[in-house]
Amino acid sequence: MRAHFFLFSILVLLCSSLCFSEQKYQYQSYMSGDTTLTNWLVIPSDQSIAIKGENLGNAVELDYSSAYELKEFNEVDPSKATFQVKRYGDALSVVNQGKNTLLTIGPARWIQEFKFGFKPFLESSEKKIDFVIVYKKDTSIHEMVATKEKIEKLYVEGKEYSAQKLKITLAGFKKRFWK
């Protein structure tokens with residue numbers, strides 16, 4: 001079993017300081033030897049938080065409630081079909097590869113984008129949460145588990161930050177086969 005590890009830096013925690021003003025962030029991530037630079041624009045209002053991300057010509061648009069519950073996810077890749085997911089109560093309406101699908105998830109937490117989706121969990125005293133994600137490849141629901149591990153010190157341009165390490169795995173029996 002090989003677990004996937006994600007390290008979330010202070011960027012996520014800084015988002016808690018948003019006070020109804022537009023914020024711009026640059027997020028650089030390192031995974032499996034690849035570096036990705038994403039520009040994020042966060043536009044909060046009294047009822048919702050709109051977040052737009054861009055990297056390498058691809059765009060992601062997120063619409064969260066003011067409590068960071070995801071309402072809509074829209075991924076635009078000019079070379080591929082649009083991938084769009086919108087929550088309606090206990091169901092997700094998905095447009096993927098030109099097909100419309102309705103997936104029932106009940107009251108489950110839906111986290112599609114990890115950089116902002118874990119904000120409530122990171123700020124809580126919870127040690128572990130269950131959530132669902134829509135697997136783009138076949139438009140299916142995957143049940144996932146996020147577990148807080150240790151807090152690590154990171155240094156960015158000589159400045160020290162604390163970062164919460166999360167372990168993200170599939171739930172149940174499937175986690176044994178996830179790489």
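Let me begin with a definition: two rings of Phe, Tyr or Trp, taking the six-membered ring in the case of Trp, count as a pair if their centres lie within 6.5 Å. With that in hand, and bearing in mind that what we have here is a predicted model, I would start with the cluster that Phe114, Phe118, Phe121 and Phe131 form together, which is one aromatic cluster under that rule.

Within this cluster, Phe121 has a charged partner as well, since the charged end of Lys148 sits over its ring, at 4.9 Å from the ring centre.

Looking beyond the cluster, a search of the whole structure gives 7 aromatic pairs. One of them joins Tyr64 and Tyr68, whose ring centres are 5.2 Å apart and whose planes meet at 45 degrees, so this pair is classed as tilted, lying between the stacked limit of 30 degrees and the edge-to-face limit of 60. Phe114 and Phe118 make a tilted pair too, with 5.1 Å from centre to centre and 55 degrees between the planes. As for accessibility, Tyr64 has a relative accessible area of 1% and is therefore buried, the limit being under 20%, and Tyr68, at 8%, is also counted as buried. Phe114 and Phe118 are both buried as well.

Let me turn to the nonpolar cores. In soluble globular proteins, nonpolar side chains tend to be buried together. Here the largest nonpolar core has 22 residues, and the members that touch the most others are Ile51, Leu62 and Trp110. The elements that each give two or more residues to this core are strand 2 (23-31), strand 3 (34-44), strand 4 (48-55), strand 5 (58-65), strand 6 (70-76), strand 7 (83-88), strand 8 (91-96) and strand 10 (128-135). Strand 5 gives the most, with 3 residues. Apart from this core lies another, of 13 residues, among them Phe121, Leu122, Ile133 and Met144.

Which residues does Trp110 contact, once its neighbours within four places in sequence are left aside? The list includes Leu70, Lys71, Glu72 and Phe73, then Val85, Lys86 and Arg87, and also Val132, Ile133 and Val134.

Glu72 in that list deserves a moment of its own. Glu72 has its place in strand 6, and its side chain makes a polar contact of 2.8 Å with the side chain of Gln84. Again leaving aside neighbours within four places in sequence, Glu72 is in contact with Glu61, Leu62, Asp63, Gln84, Val85, Lys86 and Trp110, and two of these names, Leu62 and Trp110, have already come up among the residues that touch the most other members of the largest core.

My last topic is the backbone. Strand 10 and strand 11, the latter spanning residues 140-156, run antiparallel and are joined by 8 bridges, with Tyr135 standing opposite Ser140. Their hairpin has 4 residues between the strands, and in it Thr139 takes a positive phi near 55 degrees. Most residues other than glycine have a negative phi. A second case is Glu157, which is not a glycine either and has a positive phi of about 50 degrees; Glu157 is found in the loop between strand 11 and strand 12 (159-170).

Are these two residues buried or exposed? Thr139 has a relative accessibility of 15%, and because buried means under 20%, Thr139 counts as buried, whereas Glu157, at 86%, is exposed, the limit for that class being over 50%.

Methods
Residues are numbered from 1 along each chain as its sequence is written. This is a predicted model: local features need pLDDT of at least 70, side-chain atom pairs count only at pLDDT 80 or more; totals for chains, interfaces and linings use all residues. Side-chain values use heavy atoms; hydrogens and water are left out. Buried means under 20% relative accessible area, exposed over 50%, partly exposed in between (1.4 Å probe, protein chains only). A charge sits over a ring if NZ of Lys or CZ of Arg is within 6 Å of the ring centre and within 35 degrees of the ring normal. A nonpolar core is a set of buried Ala, Val, Leu, Ile, Met, Phe, Trp, Tyr and Cys residues joined through side-chain atoms within 4.5 Å. Contact means heavy atoms within 4.5 Å. A polar contact is a pair of N or O atoms within 3.5 Å; within protein, one must be able to donate a hydrogen and the other to accept it, and residues adjacent in sequence count only if both atoms are side-chain atoms. Two strands pair if DSSP finds at least two bridges between them.
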